[in-house]
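Me: I would like to learn how to read a protein model one feature at a time, with a general idea at each step and then the case at hand. Could we start with a single residue and work outwards?

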Amino acid sequence: MVDPTSDLGEDVDEDDAPVCATCGEKIIQSPTHRVVTWVEDGRARHRHFCSDECKAAYDG
């Protein structure tokens, strides 16, 4: 399993890379990668975004 708190790009290959919740692109070694985390029904949930623009589009 890939450590979601690892340094940018560490131990992440294309097969394991997260995808943007808005555009669906794989996020690999991206300095604009954003993760939104929340707790729902006692479980931690998260969504990945490739940029602030994709995050804003999802939120909008």
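Me: Where does Ser51 lie, and is Ser51 buried or exposed?

Reply: In this predicted model, Ser51 sits in the loop that connects β2 and α1. A residue is called buried when its relative accessible area is under 20%, and since Ser51 has 11% relative accessibility, Ser51 counts as buried.

Me: Which residues is Ser51 in contact with, once its neighbours within four places in sequence are left aside?

Reply: Those residues are Thr32 and Arg34. The side chain of Ser51 also has a polar atom that lies 3.2 Å from the backbone nitrogen of Cys54.

Me: How are the elements of the protein chain ordered from the N terminus on?

Reply: The order is β-β-α, in keeping with a count of two strands and one helix. The strands β1 and β2 run antiparallel and are joined by seven bridges, and one place to look at this pairing is Val39, which stands opposite Ala44 in β2. Together β1 and β2 form a hairpin, with two residues between them, and Asp41 in the turn has a positive phi of about 55 degrees.

Me: What does His48, a residue of strand β2, touch beyond the residues up to four places away in sequence?

Reply: The residues that His48 touches include Pro18, Val19, Cys20 and Ala21, and also Ile27, His33, Arg34 and Val35. With His33 there is, in addition, a polar contact between the two side chains, at 2.7 Å. His48 counts as buried because its relative accessibility is 17%, a value that falls under the 20% cut-off. Sequence and space can also be set side by side here, for His48 and Lys26 are 22 residues apart in sequence, while their C-alpha atoms are 9.7 Å apart in space.

Me: How many salt bridges does the structure hold, and how should I read them?

Reply: The general idea is that side chains of opposite charge can pair when their charged atoms come close. The structure holds two salt bridges. In one of them, the side chains of Arg34 and Asp52 meet with 3.0 Å from N to O. This pair links distant parts of the chain, since Arg34 belongs to strand β1 (residues 34–40) and Asp52 to helix α1 (residues 52–59), 18 residues apart. Arg34 has 31% relative accessibility and therefore counts as partly exposed, and Asp52, at 43%, also counts as partly exposed.

Me: Where do Asp59 and Lys55 lie, and are they buried or exposed?

Reply: Asp59 and Lys55 both belong to helix α1, where they are four residues apart, about one turn of the helix. Their side chains meet in a salt bridge, with 2.8 Å from N to O. Asp59 counts as exposed because its relative accessibility is 52%, whereas Lys55, at 27%, counts as partly exposed.

Me: What is the mean pLDDT of the protein chain, and how should I use such a value?

Reply: As a general caution, where pLDDT is low, the predicted coordinates should not be read in detail. For the protein chain the mean pLDDT is 85, and 82% of its residues reach 70 or more. Among the elements, strand β2 (residues 43–49) has the highest mean pLDDT, 96, and α1 the lowest, 93.

Note on methods
Residues numbered from 1 in each chain as written. Predicted model: local features only at pLDDT ≥ 70, side-chain atom pairs only at ≥ 80, totals over all residues. Heavy atoms only, no water. Salt bridge = Lys/Arg side-chain N within 4 Å of Asp/Glu carboxyl O. Buried < 20%, exposed > 50% of the residue type's maximum accessible area, 1.4 Å probe, protein only. pLDDT = per-residue confidence, 0-100. Pairing = 2+ DSSP bridges. Polar contact = N/O pair within 3.5 Å; in protein donor to acceptor, adjacent residues only side chain to side chain. Contact = heavy atoms within 4.5 Å.
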